[in-house]
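Student: I have a model open and some labels to understand. Can we go through them one by one?

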Amino acid sequence: MQGAGCKPCTVRGLLKECEITEESDEQEVIGLKKRSDLTRLLDIAGGHKYLIYASWVLSAISALVALIPYCYIWAIMDEVLAVAPHFEQAKNLVHNGWMAVIFAVAAVLIYIAGLMCSHMGAFRIATNIRIRAMEHIVSLPLGFAEDFGSGKLRKIVDESSAATETYLAHQLPDKAGAVATPCGLLIMLLVFDWRLGLLSLVPVFLAFLIMMAMTGARMEEKMKEYQDALDDMSNEAVEYVRGIPVVKTFGQTIFSFKKFKGAIDRYHEWVVAYTKELRMPMVFYTAIINGVFVFLIVGGLVLTKGGVTDEFMLDLIFYIIVTPVISLTLTRIMFHSENAMVVNDALQRIDSIMDMKPLKEPVRPKKPQGASVELQDVSFSYDGENDVLKNISISVPEGKTVALVGPSGGGKTTLAGMIPRFFDPRRGVVKIGGVDVKDIPKEELMETVSFVFQNSCLIKASILDNVKMGRSEATRDEVMQALEDAGCMDIIEKLPDGVDTVIGTKGVYLSGGEQQRVAIARVMLKNTPVVILDEATAFADPDNEARVQEAFSRLSKEKTVVMIAHRLSTVMDVDMVYVLEDGRITESGSPSALLEQDGTFRRMWENYRTAAQWRVTKEVQA
């Protein structure tokens with residue numbers, strides 16, 4: 001992750017520990033990309049990777065120790081058949097029985113120790129992935145989350161890192177055991193009776209061929225499709241939950257959210273089709289791998305045409321008992337292959353975030369000389385092709401207030417987002433205090449510009465802590481003064497613990513207008529020379545709107561303000577109005593001058609006044 005004063009790096013792929021300077025050649029970058037998923041994960045583990053190694057060794061030892069009880073079971077059966085029907089002559093049954101139990105318990109304890117090691121390492125890796133991913137996200141443009149999708153972003157950061165934890169904590173130790181088990185089992189199968197041993201391996205070979213057909217390259221492609229479907233459904237679910245108030249208010253149904261329903265339908269169709277595709281291969285695999293005893297019985301009938309000996313019967317019974325271990329081993333290998341694909345897909349999805357370029361820090365940082373705001377011939381596109389802003393030029397002198405108005409979708413919010421670098425323009429220059437915002441360090445820019453959003457976000461914490469987010473070193477008295485200036489004292493007085501009252505889950509809830517006033521107090525405490533107001537009274541009732549407007553008046557004193565508004569009554573006292581339509585400035589001037597023109601602003605004002613005078617009446621019939 002790049003930071004102020006750091007040499008620019010280009011790192012492709014997830015969380016690579018190596019730094020590649022701009023002078024590094026392309027072959028080195030490609031070499032990093034080709035590192036295996038496991039190597040990349042172990043690099044992230046740091047010193048904890050030795051716990052992962054230890055888990056593999058312990059799991060393999062556990063798998064081999066777990067085979068020893070079968071040898072004691074064979075010895076028990078051998079002694080029973082040798083003394084039958086005089087079972088009282090058996091001398092070693094108890095000893096062999098206890099030895100089988102001891103080794104079985106030992107295998108379990110060793111396996112638990114291996115899992116403890118693997119979990120400690122896996123949790124560290126998952127934690128590091130989340131931390132580094134969030135650190136990188138913080139370095140990205142502030143408009144990134146809105147464009148990417150908050151639900152999709154949450155799923156990638158949370159669930160993709162969790163997928164690596166499952167893989168490292170469970171699947172890799174099981175794989176080590178699954179590799180060790182056949183080695184020990186192969187020796188056992190061939191030592192007791194090589195003919196029955198080879199018969200036991202026939203279904204293993206057939207099942208392995210079926211498993212490879214199910215977990216090949218096509219499975220990897222299907223796994224990606226599956227995760228894509230989950231991402232889309234998660235993202236649309238978040239948007240649907242956010243829209244529930246609208247659904248209830250207007251009596252809509254779930255079908256009003258076509259994108260959400262479409263995501264569910266696509267997931268349903270994919271899962272059903274995929275299940276049907278693997279139904280027959282899975283049936284054959286399960287039947288063959290669990291039917292090893294059938295091959296043994298058929299082979300036993302063939303091999304005993306000349307008569308059955310006690311030794312052969314003993315070996316046959318032993319093989320029927322021990323061969324279910326083969327089924328368990330192959331099933332573990334199959335699930336490991338599937339989970340390896342899940343991890344590969346998870347890392348690619350985290351790569352999709354880590355590959356996004358952070359805001360470039362200036363090579364030669366500059367400090368704004370004043371608080372003027374200027375946009376020169378600015379154009380912007382979300383997709384790199386279709387411009388949503390086209391050749392915009394705006395000048396806001398220091399200490400003045402301008403308003404951006406116009407039809408919805410005209411580009412007002414996007415334009416305002418250029419000033420604090422939520423987005424960088426595709427063409428043109430954005431300046432604050434005569435300095436290109438790209439030449440202003442991130443920390444300096446954040447100390448210069450404040451933004452009051454349309455829907456302000458307050459975290460689950462006390463009001464005091466929420467306001468102190470504007471300036472963490474502020475004293476309690478400074479916070480109280482900011483709350484008073486923002487007109488929040490009536491809110492504080494009615495709360496049980498005053499300014500220390502926790503808001504949100506298991507706390508108290510504030511109305512939209514009250515939340516907005518607390519957010520304004522946060523901006524007042526920050527006290528930046530440039531303030532951007534994005535339709536900040538949208539969710540306020542009339543009483544709160546009046547209080548918010550008073551707070552705005554105090555907030556705007558001696559500051560440069562860029563205001564986005566749909567309620568035109570809030571812009572009549574500004575110094576300049578810019579009308580945006582379809583990404584272009586179509587009108588500009590003072591409010592009084594624009595009202596004298598026959599243009600969009602005048603029509604919007606007339607429509608606003610007409611709407612404000614509407615009354616609900618009841619027709620009375622004579």
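**Rings, burial and strands**

Tutor: Start with helix H11 (residues 258–289): Trp270 and Tyr274 are four residues apart there, so about one helical turn separates them. Keep in mind that this is a predicted model.

Student: What makes Trp270 and Tyr274 a stacked aromatic pair?

Tutor: Their centres are 4.8 Å apart, with 20° between the planes. Pairing needs centres within 6.5 Å, and stacking needs planes under 30 degrees apart, so both conditions hold. Both Trp270 and Tyr274 are also buried.

Student: Why is the pair of Phe422 and Phe451 called stacked?

Tutor: The ring centres lie 5.0 Å apart and the planes meet at 25°. The cut-off for stacked is under 30 degrees, so the label fits. This pair links distant parts of the chain, 29 residues apart. Phe422 sits in the loop between helix H15 (412–417) and strand S4 (427–432), and Phe451 in strand S6 (residues 449–452).

Student: How do you know that Phe422 is buried?

Tutor: Its relative accessibility is 12%. Buried means under 20%, so Phe422 qualifies. Phe451 has 13%, so Phe451 is buried by that rule too.

Student: What makes S4 and S5 paired strands?

Tutor: Two bridges join S4 to S5. Pairing takes at least two bridges, so the condition is met. The two strands run antiparallel.

Student: Why do strand S2 (387–396) and strand S5 (435–436) count as edges?

Tutor: The open sheet has the order S2-S1-S4-S5. S2 and S5 each have a single partner strand, so one side of each lacks a neighbour in the sheet.

Note on methods:
Residues are numbered from 1 along each chain as its sequence is written. This is a predicted model: local features need pLDDT of at least 70, side-chain atom pairs count only at pLDDT 80 or more; totals for chains, interfaces and linings use all residues. Side-chain values use heavy atoms; hydrogens and water are left out. Rings of Phe, Tyr and Trp (its six-membered ring) pair if their centres lie within 6.5 Å; planes under 30 degrees apart count as stacked, over 60 as edge-to-face and the rest as tilted. Buried means under 20% relative accessible area, exposed over 50%, partly exposed in between (1.4 Å probe, protein chains only).
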